[in-house]
Amino acid sequence: MSDIKPDMSVNIGGLQMKNPVTVASGTFGYGPEYAELVDLNRLGAITVKGICAEPHTGNQTPRTFETRCGMLNAIGLPGPGAKGFIESYGEFLAQYDLPVIVNVWGKRVEEYGRVVEMLSDEPIVSAFEVNVSCPNVKEGGSLYGTDTKSFASVIETVRAKTAKPLIPKLAPNVSDITLFAKTAEDCGADAISIMNSYPAMAINIETRKPELANRSGGLSGPAIKPIAIKLVWEAARAVSIPVIGMGGISCAEDAIEFIIAGASAVAVGTANFTDPSTVIRVIDGIEAYLIRHDIPSIGDLCGTVL
Amino acid sequence: MTGTETKSCFFQFFLCVKCPFVFRGIQPLKQEQTRILEHRHEQADYWVMQLSAPGIGPEVRPGQFIGLQAPRLDNAVLRRPFSVYRADNESVSILYKVVGKGTAAINRLLPGETIDIIGPLGNGFPEATPGLTPVRIGGGYGAAALQLQARTLQKKGTVFFGGRTASDILCADEFKALGWTVEIATEDGSVGSRGLVTDTFDRWLDERSDTDIELFACGPEGMLRAFGDRAVDRDFKAWLSMDRHMACGVGACLTCVIKKNDPEKGWQWARCCKDGPVFESREIAWDE
Ligand SMILES: Cc1cc2nc3c(=O)[nH]c(=O)nc-3n(C[C@H](O)[C@H](O)[C@H](O)COP(=O)(O)OP(=O)(O)OC[C@H]3O[C@@H](n4cnc5c(N)ncnc54)[C@H](O)[C@@H]3O)c2cc1C
Ligand SMILES: Cc1cc2nc3c(=O)[nH]c(=O)nc-3n(C[C@H](O)[C@H](O)[C@H](O)COP(=O)(O)O)c2cc1C
Ligand code: FES
């Protein structure tokens, strides 16, 4: 064991992070919600809840339902819109030493372009994660994530609107993830993130009604981790841009598994609800692992699966 | 867990930023490893659990709640929300009903075991308005949320409890001991008058010469709505503690939203966990 601190910093397609850990969009609000429980200055980056150009109300309730080792959500992407986001949270986020990844979405291709255009010049915005894989909105949403042609048109459109790092978030429910990873790379994406929640459903057998108002939703949490590991492993080998891995990470060991599979950075999602201290434990645990295994830099661990 | 710098930034945020959500006061939120000091049976399916919580205990205001991570429930990803029933400088207590897997797991815990909690969550009840007679309405475990405020109030008022049967009536003796007048209604008449608590309340209100009252209520939604309607009809304020399924408990996930009246848009979502759980009856846009 060496006593030199390992290098935890990563560069995700131009986005410089002091450590490889961010939070998953939609599970950490816009920053203030967890700021009293989690020292935001310690995060590698924050990924905020999905934003579209205009304010959006989202789905009816119930919006989430707990399942074994996971949960379903069909929140439906409510949010303050691009302008509202900057007005309400810009100053707050600017107080921290914290890169901000803004997760964006749209109902049509042009809307993706508009939200990125509206936010691209904002100094607070460090990078864009492009949500083409939300299972919970009727229009657009997962369609853009499951059809390579529509997917390419979204990525090309947003690429034309910003020079900031662009990170398409891929849908897990595709027959070949490498096609989407390569398309993203070909369209000029700087990195990709994998995975969004997996389309899923639960029914109450007494009422025979679906448990979610939206009927179906997306499964997240520990239940999906093995699926995410395989997708990250496949995609990371197919492209040369970095991959942000997520899906069920609830401890440092989970995160390390993603990194060995090929992820350059990771995101903690549902586990924030279970235990808000997870993200800090993950950062500390990765560093302890590197020290224990005499690995000088986090990059040396990435994609080392045998 | 939190650096003081972060906290002061957080306070600045509320001073300088236009936030789309309405905040009614802020408490420092904490995550605390607590130890079970006492765990006792109250009645029927109801239990009381006292947790050592020197961090959270002194910060709690009446009507606030905690997010409790049920130990040894490995396949659950969500915390469970419980109103704070008692709080002091060293501890918080909850009064809970066993209804499902989380509460069943909590129920098996013994004094000395540890539980992770976050709190205090939510806005809680506002200060009682001086000059108005406080009236409390409780149904089932809703009685828990009402206890704390009654203990701190100088002025004694009347508390109405409603339920299906005698075992749903909680805390009546505690309110009596504090000098409150207690009115009880059960649907089966097993204790108090037979019928709905709204009927008992209506009779009581009709006998009063004034409506200089202020209502604080926690219980099933149907009951809250019935009292909310009366508040509008009879022109008094009713502070209702709303119960919604929650995931994060801190305002991040937008699971627990409730429709709030909005002069421009008709209605707008508010987060029950962060902007509530207490809303004045006129704020709520009830579903048709
Ligand atoms: C702000 C707030 C304060 C609360 N205070 C108390 C309290 O002081 N004492 C108390 O006993 N309970 C309280 N509850 C309800 C409590 O959180 C639920 O009973 C508990 O989460 C159920 O967990 P479970 O795992 O046992 O049930 P599950 O196995 O998850 O579900 C079992 C049954 O409980 C119902 N249930 C689940 N969550 C809720 C909920 N939020 N409200 C009503 N029913 C629910 C389910 O619909 C289901 O029928 C409060 C809820 C909220 C939102
Ligand atoms: C309540 C909730 C809300 C979410 N909202 C978004 C969102 O707005 N945009 C997005 O791209 N992903 C969203 N997601 C998906 C997560 O970012 C993440 O991809 C997924 O939950 C898998 O990670 P996890 O298992 O660690 O939660 C949401 C997930 C949850 C549980
Ligand atoms: S429970 Fe997450 S916002 Fe209220």
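Here is a walk through this predicted model, from the sheets of chain B to the place where the two chains meet and on to the helices of chain A.

A few ground rules come first. Residues are numbered from 1 along each chain as its sequence is written, and chains are lettered from A, and ligands numbered from 1, in the order in which they are written. Since this is a predicted model, local features need pLDDT of at least 70 and side-chain atom pairs count only at pLDDT 80 or more, while totals for chains, interfaces and linings use all residues.

Let's begin with chain B and its domains. The domain assignment of chain B (bounds taken from an automatic or database domain assignment) gives domain 1 as 20-121 and domain 2 as 133-241. Keep those two ranges in mind as you follow the strands. Helices and strands here are DSSP runs numbered from the N terminus, with H or I over at least four residues for a helix and E over at least two for a strand.

One open sheet of chain B has seven strands in the order β4-β3-β7-β1-β2-β6-β5, with antiparallel pairing; two strands pair if DSSP finds at least two bridges between them. Its edges are β4(B) at 80-83 and β5(B) at 86-87, each of which pairs on one side only. Strand β1(B) has two partners to look at. With β7(B), residues 114-121, β1(B) pairs in the antiparallel sense over six bridges, and B:Gln33 has B:Asp116 as its bridge partner there. With β2(B), residues 46-52, β1(B) again runs antiparallel and is joined by six bridges; B:His41 stands opposite B:Trp47 in this pair. β1(B) and β2(B) form a hairpin with two residues between them, and B:Ala44 in the turn has a positive phi of about 40°. Out at the β4(B) edge, four bridges join that strand to β3(B), residues 65-69, in antiparallel fashion, and B:Ile66 is partnered by B:Phe82.

Another open sheet of seven strands in chain B has the order β11-β10-β9-β8-β12-β13-β16, and its pairing is mixed. The edge strands are β11(B) at 193-194 and β16(B) at 278-280, each pairing on one side only. At the β11(B) end, two bridges link β10(B), residues 181-186, to β11(B), and the two run parallel. Look there for B:Thr186, which stands opposite B:Arg194.

Two helices lie across this sheet. Helix α3(B), residues 142-152, lies across β8, β9, β12 and β13 of chain B and runs at about 155° to β8(B). Helix α6(B), residues 221-234, lies across those strands too, at about 165° to β13(B). For these angles, axes are lines fitted to C-alpha atoms, for helices over the stretch in contact, and angles run from 0 to 180 degrees between N-to-C directions.

How do the two domains of chain B meet? Their centres, taken over C-alpha atoms, are separated by 24 Å. In the contact, 15 residues of domain 1 of chain B face eleven residues of domain 2 of chain B; residues count as in contact if their C-beta atoms, placed from the backbone, lie within 7 Å. On the domain 1 side, β1(B), β5(B) and β6(B) each supply at least two residues, and the largest share, four residues, comes from β6(B). That side divides into nine nonpolar, three polar and three charged residues. In this scheme Ala, Val, Leu, Ile, Met, Phe, Trp, Tyr, Cys and Pro are nonpolar, Asp, Glu, Lys and Arg are charged, and the others, Gly among them, are polar.

Now for the meeting of the chains. The contact takes 39 residues from chain A and 35 residues from chain B. On the chain A side, β5 (64-67), β6 (70-73), α1 (81-94) and α8 (271-274) of chain A each supply at least two residues, with α1(A) giving the most, five residues. By class, the chain A side has 15 nonpolar, 15 polar and nine charged residues.Finally, turn to the helices of chain A. The axes of α2(A), residues 109-119, and α4(A), residues 148-159, come within 8 Å and cross at roughly 30°. That makes α2(A) roughly parallel to α4(A), a label for angles under 35 degrees (over 145 is roughly antiparallel, 65 to 115 roughly perpendicular and the rest oblique). Residues making this contact include A:Tyr112 of α2(A) and A:Val154 of α4(A), and by class the contact has five nonpolar, three polar and no charged residues. Elsewhere in chain A, α7(A), residues 252-261, packs against α9(A), residues 278-292, at an angle of about 65°, with the axes 8 Å apart. Among the residues in that contact are A:Ile256 of α7(A) and A:Tyr289 of α9(A).
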